[in-house]
Amino acid sequence: MNKAVDFFSGELEKIVRNMIDTMYGSPGIGLAAPQIGINIQLATIDLSVGEDAKQLIVICNPEIISTDGEQNCDEGCLSIPDFSDTVSRPLKMTVRGLNIKGDEIEFEAEGLLARCFSHEIDHLNGVLFIDRLSPLKRTLIRNKIKKLAKAGDW
Ligand SMILES: [Zn+2]
């Protein structure tokens with residue numbers, strides 16, 4: 001289980017900087033700390049992938065307060081390169097957490113941002129997007145990954 005963030009110091013800033021660099025370098029619109037091997041409840045999101053500084057979100061210990069509606073879109077993950085599939089997510093959600101200084105922050109997310117919050121919070125709970133697919137699809141993707149891994153291509 002990923003630990004709640006309980007330190008708001010230079011160490012946290014260093015981790016966040018590393019995550020943002022990894023997210024922009026990939027490039028991706030979201031990253032969860034466990035994806036870089038740090039098992040704490042921390043996520044970064046930037047739908048603009050570094051184009052617009054105002055869109056960067058850094059959230060510690062995020063909690064989904066409420067959700068509304070449903071959206072079904074194609075989704076991928078930096079931890080499962082080259083695979084994507086349709087995943088059902090809430091259309092809207094309210095997310096509460098702490099910023100890098102430890103102050104409470106809250107977001108009303110909709111559309112892609114809601115999808116991204118849902119995806120990153122899943123990571124913090126040890127859930128990958130393929131875990132949200134039907135068992136058949138999940139097996140198909142796992143088998144493809146196994147074959148690629150055997151061939152040394154993954
Ligand atoms: Zn992911």
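How many disulfides does a search of the whole structure find? I am working from a predicted model, and the search returned 0.

**Cysteines.** I then looked up Cys-60, whose sulfur is 16 Å from the closest cysteine sulfur, that of Cys-116; since a disulfide needs the two sulfur atoms within 2.5 Å, this distance is too far for a bond. I also noted the accessibility of Cys-60, which is buried at 0% relative accessibility, and that of Cys-77, which is buried with a relative accessible area of 9%.

**Sheet.** Next I traced the open sheet, in which 5 strands are paired antiparallel in the order 1-2-3-6-7. Its edges are strand 1 (30-32) and strand 7 (104-110), each of which pairs on one side only, and the twist from one strand to the next averages 35°. Looking further in, I found 4 bridges between strand 2 (residues 42-45) and the antiparallel strand 3 (residues 57-68), and I noted that Ala-43 has Ile-59 of strand 3 as its bridge partner.

**Helices.** I checked how the helices lie on these strands: helix 1 (residues 10-25) lies across strands 1, 2 and 3 and runs at about 40° to strand 2, while helix 2 lies across strands 1, 2, 3, 6 and 7 and runs at about 125° to strand 7.

**Glu-120.** Which side chain of opposite charge is nearest to Glu-120? I found that it is Arg-89, at 8.1 Å, and that Glu-120 is buried yet has no salt bridge. Glu-120 belongs to helix 2 (residues 112-124), and, leaving aside neighbours within four places in sequence, its contacts are Gly-30, Leu-31, Ala-32, Gln-35, Ala-43 and Ile-45.

Definitions and conventions: Residues are numbered from 1 along each chain as its sequence is written. This is a predicted model: local features need pLDDT of at least 70, side-chain atom pairs count only at pLDDT 80 or more; totals for chains, interfaces and linings use all residues. Side-chain values use heavy atoms; hydrogens and water are left out. Buried means under 20% relative accessible area, exposed over 50%, partly exposed in between (1.4 Å probe, protein chains only). Helices (H or I, at least four residues) and strands (E, at least two) are DSSP runs, numbered from the N terminus. Lys and Arg count as positive and Asp and Glu as negative; His and the chain ends are not counted. A salt bridge is a side-chain nitrogen of Lys or Arg within 4 Å of a carboxyl oxygen of Asp or Glu. Contact means heavy atoms within 4.5 Å. Two strands pair if DSSP finds at least two bridges between them. Axes are lines fitted to C-alpha atoms, for helices over the stretch in contact, and angles run from 0 to 180 degrees between N-to-C directions.
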